[in-house]
Structure formats: C-alpha cells, structure tokens
Amino acid sequence: MSKVAYVRKEMLQVRKPPVSQAGFLGWLKKNLFYSIGSSLATLLTVAVIGWLLYGLLKWLAVPTWAAQSLSDCRSIIAELARGENNAGACWGVIRDRGIQLTFGFYPPEHFWRPILAFTFLLPALAPILFAEKVPGRLIWFSALYPFLMPWLLWGGSVWVPLGVIAGFAVGYLGFRISNGLNTLFRIAICLIAALAWWIYAKEHLDTVMSSVGTIDLTPVKSRNFGGFMLSLTIGVVAIGSSLPLGILLALGRQSDLVLIKVLCVGFIEIIRGVPLITLLFVASTLLNIFLPPGTEFDIIMRVIIMATLFASAYMAEVIRGGLAALPRGQYEAAEALGLDYWKAQRLIIMPQALKVSIPGIVSTFIALFKDTTLVSVIGLLDPLGLTTAIRANQEWAGIVWELYGFIALLFMIVTFSMSRFSMYLERKLHRDH
Amino acid sequence: MKLSSTVLALLAVIVSGPALAGKLDEVRNRGALKCGVSTGVVGFSAPDAGGVWHGFDVGMCRAVAAATLGDPMAVEFVPQTSKTRFSALASGEIDMLSRTTTWTYSRDSDLNVEFAGVNFYDGQGFLIANALGVSSAKDLNGATVCIKTGTTSELNLADYFRTNGMSFDPVPVETDAEAIQQLLANSCDVFSTDSSKLNAHRATLENPDAYSILPEIISKEPLGPAVLHGDQQWGDIVRWTLNALLTAEELGVTSANVSDLAANSTNPEIKRLLGTEGELGAMLDLPADWAQKVISAGGNYGELFDNTIGSNSPIGIERGLNALWTNGGLQYSPPFR
Amino acid sequence: MTTRASPPRERFRISQLIYDTRYRSYTIQVFALFMFAAFVGWLVNNTLQNLSNAGKDLDFGFLFSTAGYEINQRLVSYGPDSSHLRASIVGLLNTLLVALLGCVMATVIGTFVGILRLSKNWLIARLMGLYVEMFRNVPLLLWILLTMAVLTELLPSPREFRGESATASMMLNDTSAITNRGVYVPLPQFSRGLDKALDGSLGLNPNALAILFVLGAGLYVSQRIKLRADRIQSKSGERPVTWFWRTGVIVVPVLVLFFAFGFHLEYPELKGFNFIGGLRFRNSLIALWLALSLYTAAFIGEVVRSGIMAVPKGQIEGAEALGLRPARIMRSVILPQALRVIIPPVISQYLSLTKNTSLAIAVGYMDITGTLGGITMNQTGRELECVLLLMLVYLAISLTVSAGMNVYNARVNLVER
C-alpha cells in the first residue's frame, strides 16, 4: 500500500533569477567577487590601477602642445600651480619632432612615397593571407611588390626595377626552353640566363631605354632613412628577402646530402647562437673588411644584409616546422605521381608547408621588427637613436619619458595588430584542418 | 668555373665600388662629402626639426665641403658612435671624421688615423652639483662618476684616480644625454668628460647655477678633424681648410666682408688666402677662391666658434686656449705662402 | 639447374655523374663543397687584403696587454692594470650572472602570470593579458631604457639619506638601503679563516666554499640517516625517530664553521659620497635584470598558459572529484603534467634571454659585450678579433644550453608512455 504523499500537478511559474545572479550584478559576482580572496584581489587591483591611472592622466593632461622648448614646458606647468609634485608631460617635443621620429630625414615633399610603399604592402599580402576573399589576379601585384617598394623608397629610374623583373622573365624563359633536361640543369640555365641579363642591363639598359623615355623618382639615399620608417624598412626588406633564403636553408637542413645538410645546420645554428647585436657589429665594423677592397655599401644596406641573414636562420626553423607538420603521405603521394624533387617541392610540399608556417613567419617578423631598435647601438638614427640626437638640441635637452612613450606607442600599434592578426590566422588554420 | 666567376662578376656589379682614385676625385664624383659626426652633442652636432645638422663639428664638415665642392650644404652626415667612428673611417664609409675626437699617439699610429690639426683645445673636467660641497677633484675619493664608454676620458679618469691614490665608482654611459640624466637624478655624483661638453651641457640645465665645473683639468684633449692615413692630398685639404679658418680670423676676414676684401684688399696675405694673388689653390687641386667659399660658408674660426658654442650661443664657452695666439691662446696657423 | 648469369657489368660513364641518381648526389656535394670553399677563400682573401691595406694583422696578443679601464662590477678581482683578457672574463661572468638571475626571476614571474591568466577572476586575467601584450609588443631595448630611467628618476639618491631633514631612510632596521645607485644589503663576512673576503663585491671566497662543502656533506649524511631509517622501517615496521639527528648533522657543523670563521654581517653605511660596505646590487644590474625577466616572463607566461591548457580536462575533473583544493590541484596534478610541454620552449626562452643580455650596454652594465665588444674593441682597434671572440663566446653558451636541452628532451622521451 504505497501511498504517495504529494504529487505536483501543475508547473511552477518561471521566476526570474535573483538580482545577484543575473545581469551585470550576476556577472560581477561570478567573475570578480566569487570568493573572499577574489573580492580582495579585485578591490586591490582596482585600487592600484586607479591610482596609477590617476597619476598617469594627471601627467598626460597638460597643455604643452605648443611649447617651443623644454623650458617653455616647465613654465607652462609651473603656471598650472599643481603643488609640490609639479610634473607634467612636455608635448611640444612630439609636435616639433614627431614627423622626424616617423620619417627620419626623408625629404618632406616625398613623404607620399614611403606612405604609398607601406600602404601597398596590404594589398600585396592579401592574396597570401586571405586567399579566399580577394580576386586571384591580385597575386600579380604581390609578385610586383618586391620591385615596386624599393623603387618607391629609394627612387631612381623606373627602368632599374623593370630591368630586374625582365631578368626574372629571361631566367624563366631559359627554364622553359630547356624543357626535357634534368631539373638541376634547368635551374642552372635559368640562373645563368638571368645573371647574364642583369649584367648586361646594369651596363646598358638604362642608357638605351632613357632615350625612349622614363619615369624618374628623385633618388633618396638610404642615409636619409630614419625614425620609424627605418625600422619598418629594415624589418620588411629583411623578412621579405629572408623568405627564399629560409626556404632553401630549411630544405637543405632536411636534405639527404650530408654535406649540404651540415652546411645548412652549421649556418642556422651559428646565426641563432649569437645575439643580433654581434651581427650588427659585423655590419658596422667588419662587413667592409670581408668584401673586396674598395667596395662600399652604406651602413643601412649592410644592416639590412645582416638582418636578412639573421632572419633567414629563424625563418628556416619556422619553415622546417611547417615541413614537419606535413603528413608523410604527402611526400609519398608526390613520389608515387613520379614528380621529381623540385616539382614535388614546388607543387605539393611548399604550398602546404608555407601556409602552415604563416603564423610563425609573422611572429618572426614581429621579433625582427622589434629588434631593429638595436641599430641605435651602432649609431643609426632609428627612433631610439633619434632620441639622442633630439636631446642634443638646446631646446629639448633633458627630455625622456615623452619620447620613449611615443616610440613605445608606435611599436605597440604595429606589433599588437600584427600579433592579433597572426592569432586570427592560426585560428583559421585550425578551422581549415 | 663559369658559375662562380659569374657570381663574382655579379657581386662586382652589385657593389661596383669606386676605383681606388684619390679621395678628392671620389668626393667630387659623388658630389657630396661624407662626414662622420656624433649622434648628438649639444653645440657640436645635432639635427634640427627639419633634419639639417648644426654645430661646431658640423661647421668643420661644411667648410671642407665648401672648399672641395664649392657648396657647404653638399655634406652627407653619417652619425658615428664612439665605437664605430674609426672603423667607418678605415672602411672609407666616411671621408672625414669631425666628432670631438682626441688626437693621441696610438690613434695616429696604430689606428691609421691622420689628424688634420686641432680645432678645439680641450681638457677633461668634472661637472658636479654645488650641493655636494666639493671644490676640488682631489676630494672625489669614493665618488660615483658618470663616464662615456669608448673614449679617452675613460682611461684618463682611471689614470687620475690611480695616481692620486683614490678610488671611484664608474658608471659607464653611452651618450652625454644619459650622463646628464643620471647626474640630475644624483645617480652619479659627477660627470667627467671634455670640459667643452660639460660647459655645453651645463648651459642647458634647468638650473645651471646649481652645478659647477671643478677647477682641475686632468688631461689634454686636443680635438680635431681626422682623415685616413695614406691620402696625403686629402689630408692637406682638410688641414688647410682648418688653417684657412684660423688665418681668416687672424687677418680679420669674416663672412660679411670676404667678398669685399677679395675684390678690394691690398693686403698680400689676404690676397693669397682668398686666391686673388698667387696659385695656392691649384697646388691642392682646388679652385683659386676655395678659401672665400670656406669663409662665406660659416664664417672664420672665431665666427664659427661664437655662433655654435661661444658667446653668441646659449652655451657661451670662453675662447680660453682656443683664442688666437695673438690673443694669448694656442690657435696658430702656419702661413699661407 | 642453370646458373643464373650475372648481369653484364656496367661500365661507369662520366654522364652517370649527372644522370644517375646514385652518383648525382656526389656530384652535387662536390660542387657545393667547391663553391663553399671558393666562397670562404674569397672572404679570407678579401679580409687579408683589406687588413694589409689598413696595415693591420690578425693578432690576439692585445688580450694580454694592460686594459687600463675600470670595471664597476666584478666577480673576480680586477683593476685597471689587469689585462684585456681578464676584463673579458669579468665581463663574461657578469653576463652569466645576469642571465642566471634573469632566468630564475623570469620563470617565477612567468609561471605566476601564466597561471593568473587562467584565473576565474575576470579582472586579474585581463590584467595579466594586458601585461603580456605590453611587454611582448614593445622592443626590449626600450624596456631596458625605461626601467633604467624609472630606477634612476624615482628612487632616492644616497644624498637624500643624509642629515636632519633626510627624505629617505634605510629599511629593515637600518640594515639595507634602496637608492638610485643600487640596492645595498648586509654582506655576510668572516673576520678570520681561510682567506679574507673580497672587497664587497659579489664573489665566492674559500670560507664560503668551505661552508658550502660542509653543508653538502651534512645533507649527504642526513640522507644516509634517512635511508637507514627506511631500511629499519621496512625490516621491523618501526621507524626510529631521527629528525634531530638529521637536522643536527646539517646545522651543527655549519654553525661551528660560522663561529670558527668569525661570522658577522657587514652593514652598509653612508660614508662620503656613497654607501660603503654591505653587498651592493648595482642599478644597472637591477634594471637589466628586471627588464629582461619581465620581458621574458611575458613569453614564458604564454608558454605556461598553453602548457596548462594542454592538460586534459579530465585530469582536473578527476582531481576535483578526489576533493583536492584548487591550489593543490595546480601543484600536484596540473603543473607536473604541463611541465613536459612547457620546458622545451621555456629553455629556448632562456636562450634568447641569455643572448638579450648583450643589450646591457644600453644601461652601462659591464657584460662581455661591454668589455670585450665595447671598451676593449674601441681602445685597441681590434674589431675583427674582438667581434669574432665575442661571437664565439655567445655561440659556446648557446650550444651548451641547447646540448642540455637535447639531453633533457631525450630523457623526457624515454619516460614517455
């Protein structure tokens, strides 16, 4: 005789959750005040942040934008009469030197050139980074960009980059014509044809074509590059040129040919084993000793060369990671199709490995870009180097925080957006697989 | 090997260096003088907001450019740290060095640097806060001293304290700006470097009267422009450009009256200097009126000094040893004859 | 049975060097070797020619001549009349010191940051995220300069400790002082003993070595006592009480030695321009140490975070089901498993920290780049020799660390299931 004491017959009315569990308050309780310890931590953190922010804002918010010198700033701040802790930023230096910190000594009437060059970087990268969202044609622009950018930055006759491009075309032609020969031979022929063209073009092309007509951009010496633009130039050029080198090194490191492997591993480990600054010392004091007597690169070129070598070792490791991530089956399938080594690399392996490596490449770029500040140690006027030069002026002697803060902000904007971007790519890769 | 020779040929093309001609021809072909200056020292070299360099050392570069190219603005300034300056000179990256560089025996002989003369007689001194109550360098036992690395001052300082049986605590810094920052924060008690620079920095302080320069000068620091050993003609050009500046001051030739004097002066010395008599210019492969260009560029030595670091500038260094010999100083030019 | 005729013996033809894959690899390698040798020869030839043009030679003799400059932080004795070689060694030790300190500090901070980034507290997780982004996205050199500027500008100078109206005071019962020239703490000293202690610089002297040795011996004996107790326990089931023996063999001999050597603390004292005596951590060391460890900690924090997230959720749920408290779960369940993922990338962070110590010149910390690659190079004009030596030293350090890492990886792989 089982007797059920009570059975509910109708549904209870849905009630709203208590105030402390829903909405903003609920969120607060769940995320900030879920225990005594967490409440204390939250309150403490808020107090510290508030105190810091107050101090910072007080320091930041001073009307010194128009000041002509540090002493101007001091008198403006003294007029505010803020009591004993009479400190405030001196924004006049940013007004006066902000442009210089960004463009260095680049002639002002040509500022559009670096701006254009670095703006074009986005459409040039788009087909590689967002292949599915942009028209495929754009890849031609990407191929053109490595020639367009130096021309825009350094200027000169338009025939120089065109001549270099023609060299690639000549090389490709050689590659096509020699069809049927061994691939290694074809590559050699391609190289020799291109080299021969370049040697010829260097001597004659400009003079021949100039009679036809030319577009000249005023040449700008790399000596005039400076500030943030210099960092960006070194970073972009070095990463761009280290990519092919890095691919070759990564392939060499995986090669069955012992000697090639040893050479590549040796190069990679030596470069990765020494700090960038020693390589910059090489650039500033030794590179000219290693080259034939009488050769002369300017220091920025030498720094770019060393930065390229530096980045290529790291790039090689990134690409090696990409190669290692490929399933073994891909290699075997390529062999089964009867592709030779170079064809397999070109058609099967590299496209996949490079795609996987893109986030790694972006972080290599970020690291290199930050490391370009080291060139101030060898006397180049990058943003940090310029702070010394700016403080050597009567007006701005003794200024510290404003300059460092401004530079930190510039770097922060670029590298932060890039690192976010690389994270996005990584997520996309994960989704794709 | 065909490929390797092609590679070499390509490299040779890419880097196609100038033939090993004289420096003067090289500079003329280039159309600009490459001059090594410091990355920034108040009064001696610093770029303004428009990127134009100014200062005493910069003036020397402009004078040489005026002599060789006829245009004082045809200078490419190549900032050098104290570490990179000599290798830049040795590698030909710069044609001349004008970077408050002390003329020493070992630099002259071992580092293959040829000093073209002395454009500033300096000595190492000490900048110290008055609040410390120190009136002599002999009282600095145990002091913390800011000192620039890679300079002769570093060695002089160690020598000075060793000779006087005192100890010190060195704080090495890379640039003057850092040293001043540390001095102001009392992070070091005293900053020791060439007294000219100490004067220059003291002038820029918020409160210059709270700091003073101790009476002891512990070293001789003859600063001068330098070129690489081996090209005598080029060395002579730089040397005589400096001498022309000095002689001009001695003869009263200024940037204001130089063209007037060139046309009307009857003084044979002035006429020889300005090229209106004799063939002095041709002896150095320079135009006859090279010295006129030099003087009209930045004035004579006295004008250059006064406008950049002397009485017409906020820095206000006294001429002192750098007065002409006729005024009791050491600056003395051999005759133009 | 017919005997199988062996295939006709192929005669080697020159063209096989190119068309036959068996031989082609040799051709390529010989060619590569030739090109490499040609390249190196070309470099060496250029170098020799350039050196002789400049009237120089390749000579390391300068290492044994008098350095003539002063170094402010030295772990071994050094004076201006020591040689350049000794200056380089002092620099190398300084490099290793800051690298070691930096690695330890970066690990501690990085672990905390990594764990706190996963905190349930939204604010703290965000704050740690902000920290990581701030440090990762601004160049290290700038951080070093900023840290140095903060230390120089915000800390009191020794002068402010002086007089009636002193604005700063010593801490910890007047035994330590934090100034903008460095942090001064009491220095353990011995008034008698094997050797006089070195002059206030960081360093090991025979007394300290003796104490370390005795301490080690004590630990060993203590371990033996424990093992013996374990044996007795497993035999008889009863564990003898040994804690006083175990502590005694460690503490007593050390105390005796301390007493015998006349141990006392030397306190820093404001004399003349500076605090004198005590142990001094220079400002440049602290700035470099802080900046390097904060910067590297941001990267290590990310590594730790991903390592923790790589631990399967089931492990945590299992631990929770066992009723372990959160701190205990982290300590006993998550971290041990995460470590295997964490350690290899952390070691490469150590490697880059060590290489980054070369930025010491920005704050005037006399590491090997500051001595051998800085003042020595500049005073002697031996750029080639100095830069080569410098690179070799860093390479040796890096290779040693990577060798250690490989050994560790091999061991981890062995225990992997």
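**Domains of chain A**

I began with chain A, where the domain assignment lists domain 1 (21–59), domain 2 (68–77 + 88–106 + 224–433) and domain 3 (157–217). I kept in mind from here on that this is a predicted model. I then looked up the distance between two of these domains, and the C-alpha centres of domain 1 of chain A and domain 2 of chain A turn out to lie 39 Å apart.

**Domains of chain B**

Turning to chain B, I found it divided into domain 1 (22–121 + 223–327) and domain 2 (124–219). The C-alpha centres of domain 1 of chain B and domain 2 of chain B lie 29 Å apart, and the contact between them takes 15 residues from domain 1 of chain B and 14 residues from domain 2 of chain B. I sorted the side of domain 1 of chain B that touches domain 2 of chain B by class, which gave seven nonpolar, seven polar and one charged residues.

**The five-stranded sheet of chain B**

Next I followed an open sheet in chain B, in which five strands stand in the order β10-β9-β11-β8-β12 with mixed pairing. Which strands stand at the edges? They are β10 (169–173) and β12 (211–213) of chain B, and because each has a single partner strand, one side of each is left without a neighbour in the sheet. Ignoring direction, I noted that neighbouring strands of this sheet are turned by 30° against each other on average.

I then went through the pairs. Strand β9 (residues 144–148) of chain B runs parallel to strand β11 (residues 190–194) of chain B, and three bridges join them; in this part of the sheet, B:Val145 has B:Val190 in β11(B) as its bridge partner. On another side of the pairing list, β8(B) and β11(B) are antiparallel over five bridges, with B:Leu127 bridged to B:Phe191 in β11(B). β8(B) is also joined to β12(B) by three bridges, again in the antiparallel sense, and here B:Ile128 stands opposite B:Ser212 in β12(B).

Is strand β8 (residues 124–129) of chain B mostly covered or mostly open? I found it mostly covered, since five of its six residues are buried.

**Helix α9 of chain B**

I also looked up helix α9 (residues 232–251) of chain B, whose 20 residues reach 27 Å from the first C-alpha to the last, close to the 28 Å expected at 1.5 Å a residue. This helix, α9(B), is mostly covered, with 16 of its 20 residues buried, and it is followed by B:Gly252, whose phi is positive, near 80°.

**Where chain B meets chain C**

For this contact I counted 31 residues from chain B and 30 residues from chain C. On the side of chain B that touches chain C, α4 (85–90), α6 (152–163), β10 and α7 (176–184) of chain B each supply at least two residues. The largest share, five residues, comes from β10(B), the strand I had already noted at an edge of the sheet. By class, this side of chain B has eleven nonpolar, 13 polar and seven charged residues.

**Where chain C meets chain A**

Last, I looked at the contact that takes 48 residues from chain C and 42 residues from chain A. Several helices of chain C each supply at least two residues of the side that touches chain A, among them α2 (21–53), α10 (326–356) and α12 (383–415). Which helix gives the most to this side of chain C? It is α2(C), with 13 residues. By class, the side of chain C that touches chain A has 29 nonpolar, 14 polar and five charged residues.

Methods
Residues are numbered from 1 along each chain as its sequence is written. Chains are lettered from A and ligands numbered from 1 in the order in which they are written. This is a predicted model: local features need pLDDT of at least 70, side-chain atom pairs count only at pLDDT 80 or more; totals for chains, interfaces and linings use all residues. Domain bounds come from an automatic or database domain assignment. Two strands pair if DSSP finds at least two bridges between them. Helices (H or I, at least four residues) and strands (E, at least two) are DSSP runs, numbered from the N terminus. Axes are lines fitted to C-alpha atoms, for helices over the stretch in contact, and angles run from 0 to 180 degrees between N-to-C directions. The expected span of a helix is 1.5 Å times one less than its number of residues. A residue is buried if 20 or more other C-beta atoms lie within 10 Å of its own, exposed if 12 or fewer, and partly exposed in between; C-beta atoms are placed from the backbone. Two residues are in contact if their C-beta atoms, placed from the backbone, lie within 7 Å. Ala, Val, Leu, Ile, Met, Phe, Trp, Tyr, Cys and Pro count as nonpolar, Asp, Glu, Lys and Arg as charged, and the others, Gly among them, as polar.
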